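Dear colleague,

I am passing on the structure we spoke about, with my notes below it. Please read the notes with the coordinates open beside them.

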Amino acid sequence: MITRKLNLLLAALAFILISAPAFAQQVKVIKYKELEQIRNAPHDTLYVVNFWATWCKPCIKEMPYFEALTAQYKNQPVRVMLVSMDAAEDLEKRVKPFVQKRSLKSDVLLLDEVDANTWIDKLEPKWSGAIPATMVFNNKRKQYEFVEKELSQEELQSIILKYKP
């Protein structure tokens with residue numbers, strides 16, 4: 001009798017675990033205006049905003065360094081945002097599976113703007129539009145740096161240490 005009840009309990013638990021959706025990092029789809037609001041908000045947080053895409057090999061190579069920052073500064077005023085430049089129609093078939101497969105913990109956004117020429121110069125006049133590209137800023141402290149290239153872990157750490165609150 002006890003064995004039967006235990007088996008039923010285990011079967012019910014297995015069903016619940018199989019039926020429950022696996023935790024998956026959310027990917028928020030945004031427009032340029034939302035990105036601009038973050039860029040211009042008067043906060044004392046150090047934002048590290050990396051522009052990347054699932055098809056960009058240098059972007060994928062440097063991504064673990066940004067993830068390491070998220071873990072390293074978890075309880076500090078440092079926020080890592082990974083802004084995907086993939087097409088919005090690739091959200092379900094490319095971006096979400098990419099994020100889930102790598103178990104990304106940083107904030108992941110998909111910038112839904114088809115014409116980069118309408119917003120890149122507003123965000124960073126020196127940016128050619130190439131990725132990877134990274135912006136680091138703390139608006140309250142008037143700190144800002146922009147890098148348009150693949151960063152090594154040492155380069156990224158050096159930039160963060162220069163501006164970290």
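Which side chain does Asp 107 meet in a salt bridge? The partner is Arg 79, with N and O 2.5 Å apart, where a salt bridge is a side-chain nitrogen of Lys or Arg within 4 Å of a carboxyl oxygen of Asp or Glu. This pair links distant parts of the chain, since Asp 107 belongs to strand 4 (residues 107-111) and Arg 79 to strand 3 (residues 78-84), 28 residues apart; helices (H or I, at least four residues) and strands (E, at least two) are DSSP runs, numbered from the N terminus. Asp 107 counts as partly exposed because its relative accessibility is 29%, and Arg 79, at 33%, is partly exposed as well; buried means under 20% relative accessible area, exposed over 50%, and partly exposed in between, with a 1.4 Å probe and protein chains only.

Before going further, please keep in mind that this is a predicted model, in which local features need pLDDT of at least 70 and side-chain atom pairs count only at pLDDT 80 or more, while totals for chains, interfaces and linings use all residues. Residues are numbered from 1 along each chain as its sequence is written, and side-chain values use heavy atoms, with hydrogens and water left out.

The count of salt bridges comes to 10. Another of them joins Lys 162 to Glu 145, the closest N and O atoms being 2.9 Å apart; because Lys 162 lies in helix 6 and Glu 145 in strand 6 (residues 143-147), the pair ties together parts that are 17 residues apart in sequence. Glu 145 is buried, at 18% relative accessibility, whereas Lys 162 is partly exposed at 49%. A further bridge, between Lys 96 and Glu 92 (2.9 Å, N to O), stays within helix 4 (residues 91-101), where the two residues are four apart, about one turn of the helix. Here Lys 96 is partly exposed at 30% relative accessibility and Glu 92 is exposed at 53%.

Turning to the interior, the largest nonpolar core (a set of buried Ala, Val, Leu, Ile, Met, Phe, Trp, Tyr and Cys residues joined through side-chain atoms within 4.5 Å) has 47 residues, and those with the most contacts inside it are Val 48, Phe 51 and Trp 127. Strand 2 (residues 46-52) gives this core its largest share, six residues. Leaving aside neighbours within four places in sequence, Val 48 is in contact (heavy atoms within 4.5 Å) with residues including Phe 66, Leu 69, Val 80, Met 135 and Ile 160.

Leu 69 also appears around Gln 157, a residue of helix 6 (residues 153-163) that counts as buried at 18% relative accessibility. With the same sequence neighbours set aside, Gln 157 is in contact with Leu 69, Gln 72 and Tyr 73.

In helix 2 (residues 32-40), the buried residues are Tyr 32, Leu 35 and Arg 39. They lie on the same side of helix 2 because they cover an arc of only 65° around the axis, the arc being that of the directions from the helix axis to the C-beta atoms. The face turned away from this buried side carries the exposed residues Lys 33, Gln 37 and Asn 40.

Finally, the structure holds one disulfide, defined as a pair of cysteine sulfur atoms within 2.5 Å. Cys 56 and Cys 59 form this bond, with their sulfur atoms 2.2 Å apart, and both are buried. The torsion about their S-S bond is about 75°, so the disulfide is right-handed.

With best regards
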